[in-house]
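Reader: Please take a close look at the ligand site in this model. I would like its surroundings described in one connected account.

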Amino acid sequence: MNSMNVIRGRPRGHAMINRDKLYIDGSWTRSTGTDQIMVEDPKNGQIIGSVPDGTLADVDAAVSAARKSFSIWSESSVEHRIEVLTNLSESFKARSDTLAEVITMEVGTPIEYSKIAMVGTPRVVAKSYAKLLDSYQWESQIRNSLIVKEPIGVCGFITPWNFPLHQIIGKVAPAIAAGCTMILKPSREAPLNAFLLADMLHEIGLPNGVFNLVSGRGSSVGSRLSSHPGVDMISFTGSTNAGVKVTEQAAESVKRVTLELGGKSANVILEDADLSKAIKSSISACFANSGQTCSALTRLIVPESRISEIIPLVKERVEGYKVGDPMNPSTKCGPMVSSEQKESVLEYINSGIEEGAELIAGGPDPIEGLEDGYFVRPTAFSGVLPSMRIWKEEIFGPVLSITTYTSEEEALLLANDSDYGLSGGVWSEDIDRAITFARKMKTGQISVNGGPFNVSAPFGGYKKSGNGRELGIHGFEEFLEVKSIQKPIER
Ligand code: NAD
């Protein structure tokens with residue numbers, strides 16, 4: 001049924017995962033091209049698998065399959081969609097260990113975190129859309145008008161590598177729920193999990209053509225999907241630069257474009273905060289997934305009056321953040337996803353030192369015993385100025401930048417001093433004071449006193465962090481068109 005070709009024994013006892021076919025119209029289909037994209041394990045640089053380097057003709061075939069199946073899937077019953085989403089969630093449970101291991105191998109995410117965030121969250125998201133459909137009102141009345149909501153059509157999904165399956169399910173689950181059909185182009189770095197998802201959707205009997213998978217490069221497959229006249233909507237997650245290109249490519253066909261882009265989020269500790277709780281949580285909020293998280297809280301804004309208490313707490317936590325083999329359950333920080341990513345993070349760390357920030361933990365030196373992989377020391381700087389690159393730019397690695405304020409007004413100015421606006425945090429013993437501060441932050445999602453991620457709350461960015469929202473009802477409605485049917489007024 002699937003195209004998995006397993007070559008045993010490489011690397012270190014793990015099977016190679018070579019997928020040589022694309023999933024189009026419900027079948028594993030050979031690409032019209034012959035090239036394969038190699039997938040690396042970032043902990044040692046070894047090749048662990050490969051996927052097809054899809055072509056423009058492959059995209060065209062997938063779009064026509066999705067167009068054909070849209071007329072059927074858009075008319076499917078809500079009960080059928082609920083059944084598919086429930087079965088998908090169950091399938092996540094059944095395959096949870098394999099999915100977590102594959103993502104840990106291709107991204108380098110520590111295994112215990114993979115189980116929760118890379119597999120557990122997508123399982124709950126799929127289930128959340130089955131629940132949402134249970135009570136969703138597709139029609140309403142405004143005076144003499146009947147308001148009808150309909151699936152938007154064929155959707156193209158372009159996704160990144162950092163939380164690969166979570167970002168895919170944040171698009172696939174609401175699209176299935178809405179009655180849309182879709183073509184997914186996963187990232188080049190971490191595509192293997194998308195092939196496992198295609199296996200799962202096939203096994204649970206999703207009708208042919210509803211979900212199609214074309215792996216490949218952004219410049220070919222991604223660009224063709226964005227500009228394709230047969231695609232009604234593009235949902236993109238990735239860097240702001242690529243998001244701008246996707247928007248330009250999509251403009252001529254006037255399709256809907258939603259964008260989940262980069263971030264440089266602020267975490268503000270107000271003067272009355274409980275520091276030991278705040279620092280413990282703030283370190284995880286910056287360094288989770290080895291700092292490769294779009295919503296990472298990478299700018300820590302603290303009262304000048306408490307900096308001498310804060311620095312030792314940060315130093316101790318960051319230095320204790322265990323770096324190592326991501327398959328080891330006690331590892332907290334794995335490698336960067338690729339050698340380019342490692343070099344880019346090291347360049348930022350060096351720029352912080354050169355621009356005069358004070359290095360309080362970590363730094364650019366290699367880690368003994370981990371020289372083969374793309375590891376970087378968890379790093380923290382204090383005395384960071386708003387003019388520095390490490391304050392302004394998204395680093396996408398384990399680097400925390402700390403600065404101080406002398407008034408709450410200044411703290412707010414610093415928090416909002418960013419081209420981005422994806423996430424944020426505020427800490428205070430007075431919850432109302434923290435919420436008042438949160439209301440003034442120009443960002444899409446804010447955690448108060450470490451308040452946890454909620455899969456049903458809208459997620460998305462202000463400013464250059466994007467357009468549109470994912471998750472919950474807000475994410476669902478991105479996949480709908482709204483029609484007004486004006487009825488005659490009875491006199
Ligand atoms: P990236 O922009 O390099 O790639 C993302 C996807 O876009 C990949 O599939 C890539 O092949 C494709 N792509 C690249 N150029 C393209 C083009 N011209 N046309 C069409 N597709 C193209 O990003 P990345 O390195 O994979 O991921 C890291 C970035 O993603 C970070 O900036 C991070 O903040 C962002 N991100 C945002 C969110 C969010 O929800 N806001 C979530 C995760 C990651």
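Author: A molecule is taken to sit in a pocket if more than half of its atoms lie within 2 Å of the grid points of that pocket. By that rule, the ligand of this predicted model sits in the second largest pocket. The elements that give two or more residues to the shell around the ligand are helix 7 (218–227), strand 12 (233–237) and helix 8 (240–251). Of these, helix 8 gives the most, with four residues.

The shell can also be read by domain. Domain 1 (4–261 + 466–483) and domain 2 (266–454) both contribute residues to it, so the ligand lies between the two domains.

In total, 28 residues surround the ligand, and the closest are T159, Q167, S239, L261 and E394. Sorted by class, the shell holds twelve nonpolar, twelve polar and four charged residues.

Two of the closest residues, L261 and E394, also appear among the polar pairs. For L261, a backbone N or O atom lies 2.7 Å from a nitrogen atom of the ligand. For E394, an N or O atom of the side chain is 2.5 Å from an oxygen atom of the ligand. K185 also uses its side chain: an N or O atom there is 2.9 Å from a ligand oxygen atom. As for burial, the ligand on its own has 850 Å² of accessible area, and the protein covers 86% of this.

Definitions and conventions. Residues are numbered from 1 along each chain as its sequence is written. This is a predicted model: local features need pLDDT of at least 70, side-chain atom pairs count only at pLDDT 80 or more; totals for chains, interfaces and linings use all residues. Side-chain values use heavy atoms; hydrogens and water are left out. A residue is near a molecule or strand if one of its heavy atoms lies within 4 Å of it. A polar contact is a pair of N or O atoms within 3.5 Å; within protein, one must be able to donate a hydrogen and the other to accept it, and residues adjacent in sequence count only if both atoms are side-chain atoms. Accessible areas come from the Shrake-Rupley method with a 1.4 Å probe; for residues, only the protein chains shown count as cover. On a 1 Å grid over the protein atoms alone, a cavity is a set of points where a 1.4 Å probe fits but cannot get out, and a pocket is an open set with protein on both sides within 12 Å along at least five of seven lines; lining residues have an atom within 4 Å of a point. Ala, Val, Leu, Ile, Met, Phe, Trp, Tyr, Cys and Pro count as nonpolar, Asp, Glu, Lys and Arg as charged, and the others, Gly among them, as polar. Domain bounds come from an automatic or database domain assignment.
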